[in-house]
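Work through the three exercises below with the model open. Each solution goes step by step.

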Amino acid sequence: DDFAFLEPHLEMVSLPKGTVVYETGDLMPYAYFPHDSIVALITVLADGKTVEMAVFGREAVFGLASALVTRQALGRYVVHVTGRASRIDMNILHQAFDTRPVLREMCLRFVEALLAQAFYSMACNTVHSVEARCCRWILSMQDRVGRSTLPLTHEHLAEMLGVQRSTVSIVVRALQTAGLIRQGRGLITVTDRQGLENTVCECYAITRNRFERLLPHTFQND
């Protein structure tokens with residue numbers, strides 16, 4: 001019933017890689033439900049450096065948290081994996097919040113999981129090694145893409161981790177030497193997921209478990 005309420009108002013759109021859907025402070029007329037695209041929320045500092053705060057894939061809706069009050073983008077929303085998404089007018093989403101209690105509870109559960117992801121990303125960026133953080137990003141991407149080969153470049157990883165490209169190259173080479181991944185042109189293939197999970201910091205499991213607890217079967221197709 002809740003989906004039937006939303007369905008007439010959902011518009012399918014394409015999100016090419018590199019598209020900035022919203023810039024920091026932009027008004028957000030739409031919320032987006034990604035299907036096979038992946039969008040990252042990044043903070044852009046005054047010196048131009050960027051740090052990843054959250055990632056949105058098939059489990060997510062982005063724009064929802066801002067829609068609760070200001071409707072202004074919390075940071076830069078940039079597409080990292082080309083794909084599709086359904087978008088909906090924020091006014092319709094607010095109407096759904098007022099009239100559909102089950103839908104409202106599900107969305108609020110997602111907001112709580114998103115906050116946990118953002119909090120642990122901040123902590124992880126502060127105290128954990130680049131290697132552990134790199135493993136977290138690779139695993140998080142695989143959860144959302146649903147396959148072993150990921151469209152990840154060194155430049156992309158450096159931007160998300162807030163480090164130099166040369167640092168990422170050293171870390172990725174070490175992970176490949178350990179047999180955990182395999183590099184290709186613009187691609188990283190996970191060859192030993194369990195090994196990555198043994199190398200990653202605890203932030204990955206805590207965040208994933210929070211999603212599974214609040215929204216069961218979030219990553220059931222991986």
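A pocket is an open set of grid points with protein on both sides within 12 Å along at least five of seven lines. The model used here is predicted.

**Exercise 1.** Find the volume of the second largest pocket and describe its lining.

*Solution.*
- Start with the volume: the second largest pocket has about 250 Å³.
- Next, locate the centre. Of 21 lining residues, the closest to it are Leu41, Leu74, Leu114, Leu115 and Ala118.
- Assign elements. Strand E4 (38-44), strand E5 (50-56), helix H2 (64-67) and H4 each give two or more residues. H4 has the largest share, six residues.
- Sort by class: 17 nonpolar, four polar and no charged.

**Exercise 2.** Do the same for the largest pocket.

*Solution.*
- The volume is about 620 Å³.
- The lining holds 22 residues, and Phe33, Arg58, Glu59, Ala60 and Met106 are the closest to the centre.
- Helix H1 (2-6), strand E3 (30-34) and helix H4 (101-127) each supply two or more residues. H4 gives the most, with four.
- The classes are 13 nonpolar, six polar and three charged.

**Exercise 3.** Classify how helices H5 and H7 pack, and list the residues that meet.

*Solution.*
- Take the geometry. H5 (residues 130-145) and H7 (residues 165-177) pack at about 75°, with axes 10 Å apart.
- Apply the cut-off: angles of 65 to 115 degrees count as roughly perpendicular. H5 and H7 are therefore roughly perpendicular to each other.
- List the contact. Val130, Glu131, Cys134, Cys135 and Ile138 in H5 meet Thr167, Val171, Val172 and Leu175 in H7.
- Split the contact residues by class: seven nonpolar, one polar and one charged.

Technical notes. Residues are numbered from 1 along each chain as its sequence is written. This is a predicted model: local features need pLDDT of at least 70, side-chain atom pairs count only at pLDDT 80 or more; totals for chains, interfaces and linings use all residues. Side-chain values use heavy atoms; hydrogens and water are left out. Axes are lines fitted to C-alpha atoms, for helices over the stretch in contact, and angles run from 0 to 180 degrees between N-to-C directions. Angles under 35 degrees count as roughly parallel, over 145 as roughly antiparallel, 65 to 115 as roughly perpendicular and the rest as oblique. Contact means heavy atoms within 4.5 Å. Ala, Val, Leu, Ile, Met, Phe, Trp, Tyr, Cys and Pro count as nonpolar, Asp, Glu, Lys and Arg as charged, and the others, Gly among them, as polar. On a 1 Å grid over the protein atoms alone, a cavity is a set of points where a 1.4 Å probe fits but cannot get out, and a pocket is an open set with protein on both sides within 12 Å along at least five of seven lines; lining residues have an atom within 4 Å of a point. Grid points are joined across faces, edges and corners, and a volume is the space filled by probe spheres set on the points.
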